[in-house]
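Reader: I am new to this structure and should be grateful for a close look at a single part of it. Please choose one part, describe it with care, and place it within the whole.

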Amino acid sequence: MPIGPARMPLFDHLGELRRRLTIIVVSVLVTAVVIYFATPTLIQFLLDPLREVMGDDAQLQVISVLGGFTIRFKVAFFFGMIICSPIIIWEIMAFFLPALKESERKWVVPTVAALVILFFFGMIFCYFVIEKAAFGWLLDQTNDFAQPIYNAEDYLDIFMKLEIGFGFAFELPLIIFYLSIFHIVPYSVFRSNWRYIYIGLMTVSGIITPDASPVTMLLMFGALIGLYEIALAVARQVVTRRDGKAALKWTREDYEEHEFDEE
């Protein structure tokens, strides 16, 4: 898709932003309309990880006249967003692309690819690992004293929020990677302040998980720690190969001085 020039009047920039937002909105809406007719099958797919904890004979309940339509629309929009996520990410990146230097633009395509892959990986991880554990723990809190009613809207809302939350959470390695290799936050800062960062990750885990379940929060926390350490390991290799091992101890000022000397 075309990339606008770096220098444009304000209203041209706003027009470019409107054009890209229009592409995103139209893409998602058209996809959601097409998917709407397949939502009963997709809802069954979403519920597959929960069959064991709900029981094979459990049925979802819809408790309002508009409930069925609302649920189908939300599921269609959810899958529309997922399917169109490469378009959404590209249009956002392409809007800022003209502001980048020529040497920085080579990172755009790999960044878009990594963002999409990590987002899908986070959702897959949530689907196969998190959903069953989270809903199993939540139902255990009820089964000891009451028979749960499986409200379709509640179930699917929590399910989709977990999927989206984990999808975004798995973008963390890319953020850490770029902050490190460009020395915006030097590698040494990430490595020496790991205790505070771990506390921050635990806080983020508690905020992102929509079900307030300690099981979900701890699983999210464990995943984020693993991703954080992987990102730092990759950044370490890149920084060492590009700037030498001494660069791992650089401050931001050291990096700027190094860049000035090269110019």
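Author: Let us begin with helix H12. The model is a predicted one, and in it helix H12 covers residues 214-243. Its length can be checked by a short calculation: at 1.5 Å a residue, the 30 residues of this helix should span 44 Å, and because its end C-alpha atoms are 42 Å apart, the two values agree. Helix H12 is followed by Gly244, a residue whose phi is positive, near 95°.

The same check may be made on helix H7, which comprises residues 108-143. At 1.5 Å a residue, its 36 residues should span 52 Å; the C-alpha atoms at its ends lie 50 Å apart, which agrees with that expectation. Helix H7 nevertheless contains a kink of about 50°, and this kink is centred on Ile130.

One residue of helix H7 deserves particular attention, namely Val116. Is Val116 buried or exposed? Its relative accessibility is 14%, and because a residue under 20% is classed as buried, Val116 counts as buried. If residues up to four places away in sequence are not counted, Val116 touches Pro86 and Ile89. A further relation across the sequence links Val116 with Ile82: the two are 34 residues apart in sequence, while their C-alpha atoms are 9.6 Å apart in space.

Helix H7 also takes part in a pocket. The second largest pocket holds about 440 Å³ of space. Its lining is made up of 18 residues, of which Met81, Ile88, Phe119, Ile164 and Phe168 are the closest to its centre. At least two residues of this lining come from each of helix H4 (67-83), helix H5 (85-96), H7 and helix H8 (152-169).

It remains to place these parts within the whole. The protein chain has 13 helices and 0 strands, and the order of its elements from the N terminus is accordingly written as α-α-α-α-α-α-α-α-α-α-α-α-α. Of the 263 residues in the protein chain, 39% are buried, and Val116 is one residue that counts as buried. Among contacts between residues at least 6 apart in sequence, 78% join residues at least 24 apart. As for the surface, the protein chain exposes about 15,200 Å², and carbon and sulfur atoms supply 68% of that area.

Note on methods. Residues are numbered from 1 along each chain as its sequence is written. This is a predicted model: local features need pLDDT of at least 70, side-chain atom pairs count only at pLDDT 80 or more; totals for chains, interfaces and linings use all residues. Side-chain values use heavy atoms; hydrogens and water are left out. Helices (H or I, at least four residues) and strands (E, at least two) are DSSP runs, numbered from the N terminus. The expected span of a helix is 1.5 Å times one less than its number of residues. The bend at a residue is the angle between axes fitted to the seven residues ending there and the seven starting there. Buried means under 20% relative accessible area, exposed over 50%, partly exposed in between (1.4 Å probe, protein chains only). Contact means heavy atoms within 4.5 Å. Accessible areas come from the Shrake-Rupley method with a 1.4 Å probe; for residues, only the protein chains shown count as cover. On a 1 Å grid over the protein atoms alone, a cavity is a set of points where a 1.4 Å probe fits but cannot get out, and a pocket is an open set with protein on both sides within 12 Å along at least five of seven lines; lining residues have an atom within 4 Å of a point. Grid points are joined across faces, edges and corners, and a volume is the space filled by probe spheres set on the points.
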